[in-house]
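Grab a pencil and open the structure viewer. Try each exercise yourself before you read the solution under it.

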Amino acid sequence: SPEHLARLGIAHAPGGRGVYPGLTVGENLRLAMWTFRSDKERCEEATERVFELFPILRERAGQSAGLLSGGQQQMLALAQALAPDPRLLIIDELSLGLAPTVVEELLDVVAHLKGGGLTTILVEQSVTVALHVASRAVFLEKGTVRFSGAAADLAERDDLLRSVFLEGGGRQVRSAPVGHSANGSGSDGQDGPSEVLACDDLSVRFGGLTAVDGAGLTVREGEIVGLIGPNGAGKTTLVDALSGFVRPDVGRVRFAGADVTGLGPRLRALSGLARSFQDSRLFPGLTVGESLAVASERTAAPPGPLSAGLRLPGSGQFEATVGERVETLLADLGLEAWRDRFPAQLSTGVRRLVELGSLLAQEPRVLLLDEPSAGLAEPETQALGGLLRRVRDRTGCAIVIVAHDVPLLLAIADRLVAMDLGRIIADGTPADVVRHPAVVSSYLGSAATRAMISP
């Protein structure tokens, strides 16, 4: 059992959300010491040891874990795994959704632990990240070991470094355009694209913490907008407010010309405002095909319970319409082979495709994507960028992308918006924003990242 393995000295740092958001940092760490909780001296030593590795956690010990940035939460999850002083550490997706500077910091900790003799298994989509610390690599594809050997040798195997996106995914998307004409005119008939989503003077506070501070943003029909900034800048909170998952303390949200500030996420989704999350939130008990069918609620009106129970003609037509929609999405995204698989049986890349298909099933006017490339290898990320471009060009929907992946945004975004400490500090063309002094000092502070975006 997991409990028995933990007592033997095997620790696991899970990918995605690995902390209890409603507990403080200190309480999360105390929970991680359950195997020796009666040994007060050992608990104190373990706490001091992880605080030395992650000094920021000492400063935030009394703060709720849910208020930490994504990078700080990953540090806390890793600290929980290290607290029992394990013999074997298993880390799942260390770089998932994190800024390059944070990944560098975490990799330095892993390298330090390796130098101290800790055996580590790192599950990682990014070959670059894995090669930074790994001496040996095992490459898995669809449950089969395709390569096992020196990590440096894997970098030479271009035949292995491909993805579901490159193997048939991203075909032409046949979703019908919604609210966007072929000549680029807005839905109001005026010249040029019209506003489809906007917020004015938006502020969100959690207790004494201001997560979003007076943000103003406008997104136009058919526009791809990249939202960047360091961990804790307020990007995800802004998207939460735009999609209805968080109610702003100050400010208004407009969608398709209407004030939707008081509407919840479901009503906004039914109106055509779709969003994804950093971790793919698929129904674990539904297959890929069933997930796409459920997501078609907005585009196919279901019959009443009496009609469905009696199998009246209307119910059959509804099922046929949904079935056709699912078949189209499966073919467009190259997911036919995964039709009857459950999310737990899918790779990160396939889950991202299923999530995107679920959003497209709604025929949205705006897509809000939170770290869509998180956990993907570089070839997958490149192919995802092309796919998102094709989605926009074919459906006419606007796309807002929250991402730390600057090269992805530079390749596909029409405009970048940069945030820091809850405020929007730059808004303009990608080339101008990534060179803005405030952006360079806040988000692109490391020399490695600046080199990455240099022409």
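Keep in mind that you're looking at a predicted model.

**Exercise 1. Find out how many residues of strand 13 are buried, and which strands pair with strand 13.**

Step 1. Go through the strand residue by residue, using the cut-off for buried, which is under 20% relative accessible area. In strand 13, 5 of the 5 residues pass, so the strand is largely enclosed by the rest of the structure.

Step 2. Now check which way the side chains point. A398, V400 and V402 go one way, I399 and I401 go the other way, and all are buried.

Step 3. Look for partners. Strand 8 (residues 224–228) pairs with strand 13 in the parallel sense, over 4 bridges. Strand 12 pairs with strand 13 (residues 398–402) in the parallel sense too, over 5 bridges.

Step 4. Zoom in on V402. L227 stands opposite V402, and D370 also stands opposite V402. For V400, the bridge partner to look up is L368.

**Exercise 2. Do the same for strand 12: which residues sit on each of its faces, and are they buried or exposed?**

Step 1. Split the strand into its two sides. V366, L368 and D370 are on one side, with L367 and L369 on the other.

Step 2. Check the cover: every one of these residues is buried, on both faces. That's 5 of the 5 residues of strand 12 (residues 366–370), so the rest of the structure largely encloses this strand.

Step 3. Add the pairing with strand 11 (residues 273–275), which is parallel and has 3 bridges. Within it, A274 stands opposite L367.

**Exercise 3. Work out what R275 touches: which residue forms a salt bridge with R275, and which ring does R275 lie over?**

Step 1. Start with the charge. R275 forms a salt bridge with D240, and the closest N and O atoms are 2.5 Å apart. R275 belongs to strand 11 and D240 to helix 9, so this pair ties together parts that are 35 residues apart in sequence.

Step 2. Ask about cover. Both R275 and D240 are buried. For D240, that fits with helix 9, where 8 of the 9 residues are buried. Among the buried ones are L238, V239, A241 and L242. Right after the helix comes G244, with a positive phi of about 95°.

Step 3. Turn to the ring. R275 lies over the face of F277, 4.0 Å from the ring centre. If you'd like another case to look at, the charged end of R42 sits over the ring of F36, 3.9 Å from its centre.

**Exercise 4. Search the whole structure for aromatic pairs: how many turn up?**

Step 1. The search gives 1 aromatic pair.

Step 2. Name the rings and read off the geometry. They belong to F245 and F277, 5.2 Å centre to centre, with 85° between the planes. Since planes over 60 degrees apart count as edge-to-face, this pair is edge-to-face.

Step 3. Place the pair on the chain. F245 is in the loop between helix 9 (235–243) and strand 9 (250–255), while F277 is in the loop between strand 11 and helix 11 (288–294); the two are 32 residues apart.

Step 4. Compare each residue with the cut-offs. F277 is buried, because its relative accessible area is 14%. F245 counts as partly exposed, because its value is 44%.

**Exercise 5. Count the salt bridges in the whole structure, then look at a few of them.**

Step 1. The count comes to 16 salt bridges.

Step 2. Take R58 and E48, whose closest N and O atoms are 2.9 Å apart. R58 lies in helix 4 (residues 55–59) and E48 in helix 3 (residues 40–53), so they tie together parts that are 10 residues apart in sequence. R58 is partly exposed at 40%, and E48 is partly exposed at 34%.

Step 3. Next up are E363 and R325, with their closest N and O atoms 3.7 Å apart. E363 sits in the loop between helix 14 (348–360) and strand 12, and R325 sits in helix 13 (residues 313–332), so this bridge ties together parts that are 38 residues apart in sequence. Here E363 counts as partly exposed at 22%, whereas R325 counts as buried at 13%.

Step 4. Finish with a group: R389, R392, D393 and D414 are linked in a network of salt bridges.

Technical notes:
Residues numbered from 1 in each chain as written. Predicted model: local features only at pLDDT ≥ 70, side-chain atom pairs only at ≥ 80, totals over all residues. Heavy atoms only, no water. Buried < 20%, exposed > 50% of the residue type's maximum accessible area, 1.4 Å probe, protein only. Pairing = 2+ DSSP bridges. Phe/Tyr/Trp six-rings, centres within 6.5 Å; stacked < 30°, edge-to-face > 60°. Lys NZ or Arg CZ within 6 Å of the ring centre and 35° of its normal. Salt bridge = Lys/Arg side-chain N within 4 Å of Asp/Glu carboxyl O.
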